Amino acid sequence: MKTLVNRLLGPVTILSLALTVWLGLWVTPPDRVQGNWARLVYVHPAVAWVALYLSFGTAAIASALYLWPRTRAAVMDRVAHCAMEVSVVFIALTLITGSLWGRPTWGVWWVWDARLTSTAVLGVLALGYLALRRATDDTGQRARRGAVYVLLAAINVPIVHFSVLWWKTLHQNATVFTANRTLTIHGIMAWTLLLSFVSFSLAFAWLLRARYRLEVAREGATDRVVERALDERRREGAF
Amino acid sequence: MIRTALLVAGKDLRIEARSRVLLWQVVPFGVMALLLSGLALGPSHAGNSDAAPGLFYLVVVLVTLLMINRSVSIERRPGTWASVATLGLDPAGVFLGKALALAVELWLTAVVLLVGAVLFLHTTLHGTVVAIPSVVETLAALAAAGTLYGGLSAGGAASTLLPLVALPAFAPLLIAGERSFVAALHGGALWEWWVIVTVALAAYVAVGILLYGVLEES
């Protein structure tokens, strides 16, 4: 079953993304006000969902499990690390697609809006995590510090989420579901939007799995290099 | 835990009182930074009190970074770290103590900077006094967050990472603090910002109490 999921994850992700592209670009109609620019709704919210909630959530849960003595294991640290790397990519995509959408609708590429700024801050926090991990060679120390850092950085996720309500700046509030849980998007547009969330979530899972396997291979290669160097030293000592 | 906190806070504050680093290095740096901020705005804008809260918190964050580095370096000197570790102090108490000492130092510096804001940046005396409770709370939250980030980036190559890892985390606190200062000066929703800072303070203190021990293992 596990092997089947592993084998199917990549093809299913590609198919799902291709279907999203087809529906988003050719099947769904353009918006009455924004025209074709509104098609970014099939990319931007889904990418932001992965960046903020899925990847940060995964990293935070893995970090919490690492810090809990009963569940402390290298696998948790690896998952958190890989999820944060994927998060950096998706936060960058969120900012880029948001900027592309902002230019025609707001007239600017960037504005000091609360949602934009807090998302950018979250991106810098994610980069800070990667920098912090590179600053020490002690694997235990690196994992512990990284786990605490992720939990601290995760405090900013609700700030990003509620920023549109607290600061009331340019970025709109939730528009798919209104405050009284009424859906404001219908028909094929709603289904395409839903599919985009599924597709990008699958893409996250695929990237996370690939990065995890790469990390395991890297650690294995490092161990082999160290062992080979130790063997050479031992042989030098023997002669 | 409280006893340990008071012990650690007393130790840090005594070191500061004896070394006079706060008085002769940090506070003058803060005043200088405030003056330079005013100069950067230019004579026509420096007297405009709209910019004063932002400049005040900009200087506060620079001062905070200096103080965090100082607070961490006191603990990490060769021998000191080993001695503290062998005492077996409650890590939560150590965190609270260091955060409390840092908060007291920040409050003292803020008194001077607020006087500077009134004198150089022309904030109203009444508005500045109204802003004091929010400033006190924001600085306490900065101290709690700063102590955690200081622990995270302590030692070796990580020590230069403090601004990178801490500044993004400080940003929401600084925005909330600045907004509440503006609300105190010009009227507005002071309470909303205060609630945000209170929640952040509670979150950082809770995370610090729970996780500072993990950082001490490092």
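This is a short dialogue on reading a predicted model and the contact between its chains A and B.

Trainee: What should I know before reading the model?

Mentor: This is a predicted model, in which local features need pLDDT of at least 70, side-chain atom pairs count only at pLDDT 80 or more, and totals for chains, interfaces and linings use all residues. Residues are numbered from 1 along each chain as its sequence is written, and chains are lettered from A and ligands numbered from 1 in the order in which they are written.

Trainee: What pLDDT does chain B average?

Mentor: pLDDT is the predictor's confidence in each residue, from 0 to 100. Chain B averages 84, and 94% of its residues score at least 70. For the complex, the predictor gives an ipTM of 0.76 and a pTM of 0.83.

Trainee: How many helices and strands has chain A?

Mentor: Helices (H or I, at least four residues) and strands (E, at least two) are DSSP runs, numbered from the N terminus. Chain A has seven helices and zero strands.

Trainee: How many residues does each chain bring to the contact?

Mentor: Two residues are in contact if their C-beta atoms, placed from the backbone, lie within 7 Å. Chain A gives 20 residues and chain B gives 21 residues. On the side of chain A that touches chain B, helix H4 (114-134), helix H5 (139-153) and helix H6 (156-166) each supply at least two residues. H5(A) provides the largest share of that side, seven residues.
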